[in-house]
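Dear colleague,

Please find the structure below, followed by some notes on what was found in it.

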Amino acid sequence: MAKKRSQTKARQPRQQDGDIPVVGAREPCPCGSGRRYKACHGRSASHAVTELVQRPFEGLPGECDWVALRELVPAATVELTLKESLPEGVPSVTLATVLPMAWPALRRDDGSVMIGLQNDTSSGDISRDLADTLQRALTAEPGTPIQGRRAPVDGPRLQDLLDPEGTFEPVVHSGFEFWVPDSENATPDVTASLERANAAAIPTVKLSGVDAAYWCETPDKNHLRWVMPHAEEQLLDALARLHAAGRSSLGEGTRLVGSFRAHGLTVPVWDLPTGVTAEDIEKPAAEFAERLAAALATEAPLTADERRARGGLTNRQLTLS
């Protein structure tokens with residue numbers, strides 16, 4: 001027989017879920033259930049923090065470029081526009097791929113804010129983590145780096161803070177000199193971090209003729225990595241149609257080699273000969289965009305050759321996030 005629980009201690013009144021404060025995992029749950037926090041309301045709070053948001057940048061202007069800057073581009077900056085006016089003393093807010101010493105954000109001496117995109121985040125919702133970092137940076141003392149922390153489960157997301165009508169225009173840099181507008185007064189730690197980051201940066205150029213396509217140079221060959229907004233299954237079908245028809249390349253010596261999955265979007269990748277520059281690939285990329293649009297509009301079932309091409313593309317797909 002199950003043991004009867006002692007009735008000598010009166011149970012505390014149960015609180016509503018929204019009123020439960022966060023306490024240590026092994027402490028009694030503040031709701032009055034008699035269980036430890038980790039086995040009671042801490043369980044749902046933990047789940048909410050760790051649950052993965054598949055498309056954290058969905059609904060933001062430039063979603064494809066957000067993904068590219070998060071996963072593919074070494075050095076870039078974007079001026080952000082907030083829904084509300086900037087606080088007094090904050091002249092601007094800039095998104096950067098990376099900041100010195102991997103700081104999540106920085107309130108500069110002049111009051112401007114820089115927020116890093118490629119940092120590790122503590123939950124499954126990058127948008128909520130970045131929004132929390134941004135809010136803390138806006139109220140920090142000038143000259144202060146912002147440390148990482150676990151964002152509140154009910155905190156705002158970037159979609160709540162940024163102007164949905166604002167532009168998102170990345171500026172790709174050859175290095176990280178944007179960290180130190182006054183390099184003569186940079187600390188030794190920042191200077192050393194800058195040197196390491198510049199040494200590791202892969203030369204990257206954003207194409208101007210199509211959206212969210214980035215050329216990069218590596219020792220063995222060059223690549224084009226193109227973040228696309230289309231639904232994955234529809235996009236793979238379209239790429240398979242073009243591949244089977246011999247129309248998926250970007251010119252002589254180039255080859256569609258596969259794709260990445262990143263933050264809910266698909267990123268086709270082409271190998272390019274070493275001598276092919278970003279400027280060389282502008283026209284072929286624009287022409288490919290037209291062929292892709294036509295393939296996306298096709299509703300006929302895939303042929304046998306197209307299904308084989310699709311299987312090959314799927315087998316060469318990697319998930320980054």
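Helix axes here are lines fitted to C-alpha atoms over the stretch in contact, and angles run from 0 to 180 degrees between N-to-C directions; helices are DSSP runs (H or I, at least four residues) and strands likewise (E, at least two), numbered from the N terminus. This is a predicted model, in which local features need pLDDT of at least 70 and side-chain atom pairs count only at pLDDT 80 or more, while totals for chains, interfaces and linings use all residues. Residues are numbered from 1 along each chain as its sequence is written, and side-chain values use heavy atoms, with hydrogens and water left out.

Helix α6 (residues 232–244) packs against helix α8 (residues 304–315) at an angle of about 120°, their axes lying 8 Å apart. Among the residues that meet there (contact means heavy atoms within 4.5 Å) are Leu236, Leu239 and Ala240 of α6 and Ala309, Arg310 and Leu313 of α8.

The largest nonpolar core (buried Ala, Val, Leu, Ile, Met, Phe, Trp, Tyr and Cys residues joined through side-chain atoms within 4.5 Å, where buried is under 20% relative accessible area with a 1.4 Å probe and protein chains only) has 41 residues, and Trp66, Leu80, Leu134 and Val227 have the most contacts inside it. Helix α3 gives the most to this core, with six residues. Beyond its neighbours within four places in sequence, Val227 is in contact with residues including Cys64, Val67 and Leu265.

Arg70, in helix α2, counts as buried because its relative accessibility is 14%. Leaving out residues up to four places away in sequence, Arg70 touches Phe57, Leu117, Gln118, Asn119, Thr121, Ile126 and His263, and its side chain reaches the backbone oxygen of Asn119 at 2.9 Å.

Best regards

How values were computed. Buried < 20%, exposed > 50% of the residue type's maximum accessible area, 1.4 Å probe, protein only. Polar contact = N/O pair within 3.5 Å; in protein donor to acceptor, adjacent residues only side chain to side chain.
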